[in-house]
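I opened the notebook with a few places to look up. My entries follow in the order I took them.

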Amino acid sequence: MKSNEAITIKQSRFIKLVTYLIILTIVFYAFFNVLNKNIVFGAQVRQGYSTEINKYPGYKELIDKLKKDHPNWKFTIFYTGLDWSQVIKNETTACHGRNVVPSSRSNAWKCSVCGETPRGGSSWRCASEAAVSYYMDPRNWLNDTYIFEFENLSYNEEIQNVEGVKKIISSIKYMQGDKVTYTKTDGTKATLDKSYAQIIMEAAKQAGISPYHLASRIRQEQGAGTTPGSTATGTYTGYVGYYNFLNIKASGSTDREVIVNGLQHAKNSSWTDPEISIIQGSKVLAKNYINDGQDTLYLQKFDVDNSDGTLYYFQYMQNVSASVSEGAEVKNAYNQLGLLNSSIEFIIPVYENMPQTACQEPIDASIVTQNVKVKGTGVSVRAGTGTTTSKVATVNTGDTLLRIEIAATMNSGYYWDKVILPNGTVGYIARTYLVETTDVKNCEETVIANTTVNLRNGPGLNETTIITTLVKGQALTRIQKGQYTLNAYVWDRVKLADGRQGYIVQDYISLAGETTTETDEKTQLIKVICNSGLKIREEAGIDKKILTYVSKNEILTRTQASVSSVNGYTWDKVVTATGIEGYIARGTATEQYVEEIKNDTEPNKGTDVVVPANSDFKVQDTKLICEPATTVEVIEQKNSGKTVVVKDSKGTVVKTGNIGTGYTITINSKTYTASKLGDVNGDGNINSGDLFYTQKYLLKKIEFNDCTKKACDVNGDNNINSGDLFYIQKYLLKKTEFHI
Ligand SMILES: [Zn+2]
């Protein structure tokens, strides 16, 4: 059998080549000032501002206002060609933790599936779809304060000059003066007859990136003190005379490792003075990031540009508000520099099928779909929150209500939760008169959304909130049929694969296997049967972009069978249970990787089983390979009678708790370095941070040392590839376990 179309990200040289040609094209067009010609990025298009924007609601008014206030500003529209609800799904349910919010945020900002599970650090939580939609919707940020998250970070000689650079670095103490003094590799001092501002300007020109962005980046990496950080002093032991101002390839699990990796790269590259380091480092920055299509802060945060062959994967930060807040900081800097009215180019993304109005900030109350019972006699349901609003109904002990919002703040001494009565009346009730109860249920059957349709937290269009948009073909479980008729529709209660519930118009769902479209096309439920799982790709073909992975036994809806035969595989169009639309190779002529599920087959329930973590470990040369739950206690227990000393990667003795990758364990007189399977970032836990580091590694954005490589090779094939990424994802979903 051919190698399964499941595991290996192929760096597409072709796409890279196309990208470079396109960059040349942009430069060419910019030179002749004919930017309103189409520039094609695969299916994506960047184009000058034109009436084409009218197809995308709400943009024109906002951009016109900015143009009026700042006549020198230029707007380029980036037609992503991506469907808005697919983008949001890929940024949320396809990979929980891809976007995070601070734990201090109210529940409406947090993903209801992940809840309070830390993501990307103890004080961060997975962001809700509403929060991601709010930050990703460009229409919320097309204003004076936030527009700079869309600024083109490429070099622009019309507005960027050495005077501006001087202003940006004016607070960096070590960068002052007309000359740069540095230490040579032989330890003696030398002087460059130019200033840091001049060097940054020259580096920016050569690399084709904004010198202002470059100056800010160096400040971020090296601080503003009297000396730069250890990677740029030129005096670090073992690396005297080497400089890495932009910290290229400076990564690792300890501070020392970060510095040494960065300086080793500087040494290998012969970056022997500040000028060489900044000029060459800027070229790397340009090549890997800005010239790879991620040329605005927004695109660095939300990777909706496919010119590097991936979507959504390589995102600089998990914090969902990062580009918005950095954009606001840039605006302040430009304001202070007196540059606000210069001719600045902004690249504004648009998506297909966007909502008519901009996505709003999540409300304070938690959005829920749950039943509650009343305790109390003659309890008022009111038109609003507070005792002064009018009464719309009276309920009594034992009455069952549908609760759709849980209030976050009090009014008149009560928390007023929003409820829907069995007759469809909507109102607010004091929480003190409610008790939770089991959810109402009158059926349990698999249904399929037969169109793109909103799922709401309750029945009715006016008083409810959209939880998510379902994709045509997405499979759901119907648990309650026909209790409410509101706004001339019958509403059914359904459950998503991730456990969320909501209400949907009955006409827009069909039983699995029923004819669901005018074209008599039938949708089928299929199950993944190949051991290694499958990739879902944006289009049919093994070089197409990978959107997500599905593992063995997962259920998909096949919306179109045998779409094409490419690369020796037959391709089907499918929708995952999380609503990601894409293509899978089903095998060659027959179905090798998937099988059809009959109507009456219960979808596999095994995937919900929580797998207990394993704590075994083994010694291999100087490494101690351990499983996710290995603790100091486990190692001591298995070495009783021996002296065991465990130190974390900073060298601090650890007496209890989780072992992390990079820890050292001394048993009697022999010392081992720990590699914990899945713990790529060395924090002792397996979480989305590990997923991100693995992605970065696969995209060649960072390097790993040997013990990190061992930790990352979770499938034990002595290679780090997308297979490991896949299994770490599955581990986070509690669908697999790691064994030594
Ligand atoms: Zn989540």
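**Entry: Asn 140.** I listed the contacts of Asn 140, leaving aside neighbours within four places in sequence, and found Tyr 134, Ala 358 and Cys 359. I am working on a predicted model. I then looked up where Asn 140 sits: it is in the loop between helix 4 (129-136) and helix 5 (162-168). Is Asn 140 buried or exposed? Its relative accessibility is 17%. The cut-off for buried is under 20%, so Asn 140 counts as buried. I also checked a pair of residues 221 places apart along the chain: the C-alpha atoms of Asn 140 and Glu 361 are separated by 9.2 Å.

**Entry: cavities.** I searched the whole structure and noted 3 cavities of 30 Å³ or more. I picked the second largest, with a volume of about 60 Å³. Which residues line the second largest cavity? I wrote down Lys 89, Thr 93, Glu 129, Thr 468, Gln 474 and Leu 496. The list goes on with Ala 497, Asp 498, Arg 500, Ala 577 and Thr 578. By class, the lining of this cavity divides into 3 nonpolar, 4 polar and 4 charged residues. Where does the cavity lie with respect to the domains? Domain 1 (35-152 + 297-352) gives residues to the lining, and domain 4 (445-511) does too, so the second largest cavity lies between them.

**Entry: helix 15.** I went on to helix 15, residues 722-732. How many of its 11 residues are buried? I noted 10, so the helix is largely enclosed by the rest of the structure. The buried set begins with Ser 722, Gly 723, Asp 724, Leu 725 and Phe 726. It continues with Ile 728, Gln 729, Lys 730, Tyr 731 and Leu 732. What do these buried residues pack against? I found two strands, strand 25 (534-537) and strand 26 (546-550). I also found two helices, helix 13 (688-698) and helix 14 (706-712). I looked past the end of the helix as well: Lys 734 follows helix 15 and has a positive phi, near 60 degrees.

**Entry: a hairpin.** My last stop was strand 6 (residues 180-183) and strand 7 (residues 189-192). The two run antiparallel, and 4 bridges join them. I checked one facing pair: Thr 183 in strand 6 stands opposite Lys 189 in strand 7. Between the strands of this hairpin there are 5 residues. Which residue of the hairpin takes a positive phi? I noted Gly 187, with a phi near 90 degrees.

Methods. Residues are numbered from 1 along each chain as its sequence is written. This is a predicted model: local features need pLDDT of at least 70, side-chain atom pairs count only at pLDDT 80 or more; totals for chains, interfaces and linings use all residues. Side-chain values use heavy atoms; hydrogens and water are left out. Two strands pair if DSSP finds at least two bridges between them. Buried means under 20% relative accessible area, exposed over 50%, partly exposed in between (1.4 Å probe, protein chains only). Contact means heavy atoms within 4.5 Å. On a 1 Å grid over the protein atoms alone, a cavity is a set of points where a 1.4 Å probe fits but cannot get out, and a pocket is an open set with protein on both sides within 12 Å along at least five of seven lines; lining residues have an atom within 4 Å of a point. Grid points are joined across faces, edges and corners, and a volume is the space filled by probe spheres set on the points. Ala, Val, Leu, Ile, Met, Phe, Trp, Tyr, Cys and Pro count as nonpolar, Asp, Glu, Lys and Arg as charged, and the others, Gly among them, as polar. Domain bounds come from an automatic or database domain assignment.
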